[in-house]
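Hi,

Here is the structure I said I would send over. Have a look at it first, and then read on for what turned up in it.

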Amino acid sequence: MNSLFRINEPTEANVKSFHEDGYIFFPDILKDGPREQLINEIENSKEVQAYLNSAHYTETTEPQPYFVRPWNERGNVGHALIDDPFITRLLQKTIDDHYHFCHSALNIAPRGVGPGKYHQDNHHWNHEYPINHNEREKYYIQILYYPNGFKKGDRNLKVIPGSHVVEPTDEKIVEKMLAGTYDKIVGRKLKEVRLSAPPGSMVCLNARMFHAIESKPLDSPQAHRIFNIDIFKEAGPPHRYTQKIPSAWLENATPYRMQLFSRLPYTDDCWKP
């Protein structure tokens, strides 16, 4: 099977970065053809076209981003991302073989959209059922795609490398991390890193790592930033947004894809004893 990506597998340095920093940044990793096709699939989908022609997108005083979770209206490239050989090798070399596909999302940010504050996304840390406590240390991996890229100061991603090892239990944890409170505990200086991503970039993120996004200026040369994400979880109970798999995805699915989808979806009472 041909890959959509420029490399076959992560390097040892990439894997080290994942475990020590909490993320891997792969600039311009999608091949040109798949990158252009992915943008075309997203921008020309029925739902996105409706958004791009709505006041939510064209309003200059209070524009609203497009966001859908799960992202099921995927084209051929969008579907292929789920089990591309490179993504499979990336997951195997970072978290081993015992994982499932969790869910997906799509976001389009137009000019004028505000920032998103620092947060971590392992939702087991935000709930107190016994199952949540048992699952908190298991891997929850976000694969973030930026098909049309971003520049610093223009809806860019920013991260705090090393913050994935800090237990997210303090309401003022971000302020304290950036003030040096946790430096001795984690054995490194925790500081903010602002990324700039050329088109076709991808970030593999341990969802325990704190990350945020900056606003998109009204005078940005880029009309909107596209962001699509696939999330994988270590085998076990559902996470907060583990999606129901559409029946169409199961038709003619390979054994590996069936394995990825063989887990229970999240329901309102799935964590209750």
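Below are my notes, going from a pair of helices to salt bridges, then two single residues and a few odd spots in the backbone.

One thing before you start: this is a predicted model, and every value here was computed from it.

**Two helices that pack**

Two packed helices are described by the angle between their axes and the distance between the axes. Let's do that for helix H1, which covers residues 12-21, and helix H6, which covers residues 85-95. The angle comes out at about 55 degrees, and the axes are 10 Å apart. That angle makes H1 oblique to H6. If you want the handedness as well, the crossing of H1 and H6 is right-handed.

Which residues in H1 and H6 meet? On the H1 side, look for Val-15, Phe-18 and His-19. Their partners in H6 are Lys-93, Thr-94 and Ile-95. Sorted by character, the residues of this contact give 3 nonpolar, 2 polar and 1 charged.

**Salt bridges**

How many salt bridges does a search of the whole structure find? It finds 17. I picked out a few for you.

Start with Asp-32 and Arg-6, whose side chains meet with 2.6 Å from N to O. This pair ties together distant parts of the chain: Asp-32 sits in helix H2 (residues 32-43), Arg-6 belongs to the segment before H1, and 26 residues separate the two. Asp-32 counts as partly exposed because its relative accessibility is 39%. Arg-6, at 40%, is also in the partly exposed class.

Next up are Arg-35 and Glu-36, with a salt bridge of 3.8 Å, N to O. Are these two buried or exposed? Arg-35 has 14% relative accessibility, so it counts as buried. Glu-36 is at 47%, so it counts as partly exposed. Here is the nice part: salt bridges with shared partners join Arg-6, Asp-28, Asp-32, Arg-35 and Glu-36 into one network. Try colouring those five residues and you can trace it yourself.

Another salt bridge brings together the side chains of Asp-183 and Lys-189, at 3.8 Å from N to O. Asp-183 counts as buried, since its relative accessibility is 15%.

**Two residues to click on**

Ile-7 is in the segment before H1. Its relative accessibility is 31%, so it counts as partly exposed. If you skip residues up to four places away in sequence, Ile-7 touches Phe-26, Ile-29 and Phe-86. For a sense of scale, take Cys-204: it is 197 residues from Ile-7 along the chain, while their C-alpha atoms are separated by 14 Å.

Phe-101 is in strand E3, which runs over residues 99-110. Is Phe-101 buried or exposed? With a relative accessibility of 0%, it counts as buried, because the cut-off for that is under 20%. Leaving aside neighbours within four places in sequence, Phe-101 has a list of contacts that includes Arg-74, Ile-82, Phe-232, Trp-249 and Phe-261. Others in that list are Asp-230, Ile-231 and Gln-243. You can also check Phe-101 against Lys-176: they are 75 residues apart in sequence, and their C-alpha atoms are 33 Å apart in space.

**Odd spots in the backbone**

Where is the cis peptide bond? Look from Arg-69 to Pro-70, where omega is near 0 degrees. Pro-70 is in the loop between strand E2 (66-68) and helix H5 (76-82).

Then there are residues with a positive phi that are not glycines. Asp-96 has a phi of about 80 degrees, and it lies in the loop between H6 and E3. Asp-96 counts as partly exposed because its relative accessibility is 44%. Asn-252 has a positive phi of about 60 degrees, and it is not a glycine either. You will find Asn-252 in the loop between helix H10 (247-250) and helix H11 (255-261). At 83% relative accessibility, Asn-252 counts as exposed.

That's the tour. Have fun clicking around, and write back with any questions.

Cheers

Notes
Residues are numbered from 1 along each chain as its sequence is written. This is a predicted model: local features need pLDDT of at least 70, side-chain atom pairs count only at pLDDT 80 or more; totals for chains, interfaces and linings use all residues. Side-chain values use heavy atoms; hydrogens and water are left out. Axes are lines fitted to C-alpha atoms, for helices over the stretch in contact, and angles run from 0 to 180 degrees between N-to-C directions. Helices (H or I, at least four residues) and strands (E, at least two) are DSSP runs, numbered from the N terminus. Angles under 35 degrees count as roughly parallel, over 145 as roughly antiparallel, 65 to 115 as roughly perpendicular and the rest as oblique. A crossing is left-handed if the near helix is turned anticlockwise from the far one by less than a right angle, and right-handed if clockwise. Contact means heavy atoms within 4.5 Å. Ala, Val, Leu, Ile, Met, Phe, Trp, Tyr, Cys and Pro count as nonpolar, Asp, Glu, Lys and Arg as charged, and the others, Gly among them, as polar. A salt bridge is a side-chain nitrogen of Lys or Arg within 4 Å of a carboxyl oxygen of Asp or Glu. Buried means under 20% relative accessible area, exposed over 50%, partly exposed in between (1.4 Å probe, protein chains only).
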